[in-house]
Amino acid sequence: MTLASNGQATIIRTERGLTIAGTRITLYDVMDYVTEQYPPKFIQGLFDLTEEQINAALAYIETNRADVEAEYQIVLKEAEELQQYYEEKNRDLIARIAVKPPKPGTEAAWEKLQAARAKRESKV
């Protein structure tokens with residue numbers, strides 16, 4: 001646990017894991033961007049954190065790197081397992097939805113979506 005200048009805890013453990021006090025943002029959310037080497041100001045703005053909150057989160061991560069990293073790997077594994085479960089469970093539904101024609105009045109938006117998807121796939 002890290003303390004702010006006013007003596008209040010800034011990093012707490014909740015049912016969601018290590019969390020920035022007063023928010024629903026976990027250190028694992030922040031770790032997604034730390035591991036990709038995003039600048040602290042970007043992460044701060046992305047999550048609408050105060051400077052004190054982002055500094056506390058980054059300091060806690062740095063000080064407890066091994067423990068936070070171990071928990072982060074567990075969170076990533078669980079998220080991947082959940083994604084695979086729901087993709088498999090909903091595979092038929094997703095396939096049925098994919099072949100349905102667009103609803104009347106949404107054709108222009110549908111065409112833009114298809115063009116964007118084609119452009120993205122051509123880059124890969």
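Is lysine 41 buried or exposed? Lysine 41 is exposed, with a relative accessible area of 58%. That residue is a handy way into this structure, which is a predicted model, and we will come back to its partner below.

**The overall picture**

Let's begin with the fold as a whole. The protein has six helices and three strands. Reading from the N terminus, the order of elements is β-β-β-α-α-α-α-α-α. The C-alpha trace spans about 60 × 30 × 30 Å along its principal axes. The radius of gyration is 20 Å, whereas a compact globule of 124 residues would have one near 14 Å.

Buried residues account for 21% of the 124 residues. The accessible surface comes to about 9,400 Å², and carbon and sulfur atoms contribute 54% of that area. As for how the chain meets itself, take the contacts with a separation of 6 or more: 43% of them are between residues 24 or more positions apart.

**Salt bridges**

Now for the charged side chains. The structure holds four salt bridges, including the ones in this table.

| Residue pair | Closest N to O distance |
|---|---|
| Arginine 13 and glutamate 71 | 2.9 Å |
| Glutamate 51 and lysine 41 | 3.9 Å |
| Arginine 65 and glutamate 62 | 3.9 Å |

Look at the pair of arginine 13 and glutamate 71, whose side chains meet at 2.9 Å. Arginine 13 sits in strand β2 (residues 9–14) and glutamate 71 in helix α4 (residues 65–89), so this salt bridge ties together parts that are 58 residues apart in sequence. Arginine 13 is exposed, at 52% relative accessible area.

Here is lysine 41 again, in its salt bridge with glutamate 51. This pair links distant parts of the chain, with glutamate 51 in helix α3 (residues 51–63) and lysine 41 in helix α2, ten residues apart. Glutamate 51 counts as partly exposed, at 47% relative accessibility, while lysine 41 is exposed at 58%.

In the pair of arginine 65 and glutamate 62, arginine 65 is partly exposed, with a relative accessible area of 33%. Glutamate 62 counts as exposed, at 55% relative accessibility.

**Aromatic rings**

Which residues do ring pairs link into a cluster? They are Tyr33, Tyr38, Phe42 and Phe47. Across the whole structure, a search finds five aromatic pairs. One of these joins tyrosine 33 to phenylalanine 42 in a tilted arrangement, with 6.3 Å centre to centre and 50 degrees between the planes. Phenylalanine 42 also pairs with tyrosine 38, and here the rings are stacked, at 4.8 Å centre to centre with 25 degrees between the planes. The second pair counts as stacked because its planes are under 30 degrees apart.

How accessible are these rings? Tyrosine 33 counts as partly exposed, at 25% relative accessibility. Phenylalanine 42 is partly exposed too, with a relative accessible area of 38%. Tyrosine 38 is likewise partly exposed, at 38%.

**A nonpolar patch beside a buried residue**

Two members of that ring cluster turn up again at the surface. Tyr38, Phe42 and Leu46 form a nonpolar patch there, with about 280 Å² of accessible area together. Leucine 46 belongs to helix α2 (residues 40–46) and counts as partly exposed, at 42% relative accessibility.

Is isoleucine 43, a residue of the same helix, buried or exposed? Isoleucine 43 is found in helix α2, and it is buried, with a relative accessible area of 1%. Leaving out residues up to four places away in sequence, isoleucine 43 touches Val30, Tyr33, Val34, Tyr38 and Ile54. Its C-alpha atom is separated by 19 Å from that of leucine 76, 33 residues further apart along the chain.

**A buried threonine in a loop**

One more residue deserves a look. Threonine 26 lies in the loop between β3 (17–20) and α1 (27–34). Threonine 26 counts as buried because its relative accessibility is 4%, under the 20% cut-off. Apart from residues up to four places away in sequence, threonine 26 touches Arg16, Leu18 and Thr19.

How values were computed. Residues numbered from 1 in each chain as written. Predicted model: local features only at pLDDT ≥ 70, side-chain atom pairs only at ≥ 80, totals over all residues. Heavy atoms only, no water. Phe/Tyr/Trp six-rings, centres within 6.5 Å; stacked < 30°, edge-to-face > 60°. Buried < 20%, exposed > 50% of the residue type's maximum accessible area, 1.4 Å probe, protein only. Patch = residues over 30% accessible without salt bridge, like charges linked within 9 Å, V, L, I, M, F, W, Y side chains within 5 Å. Areas by Shrake-Rupley, 256 points an atom, 1.4 Å probe, with all protein chains shown as cover. Helix = DSSP H or I, 4+ residues; strand = E, 2+ residues; numbered from the N terminus. Rg over C-alpha atoms; globule rule 2.2 N^0.38 Å. Contact = heavy atoms within 4.5 Å.
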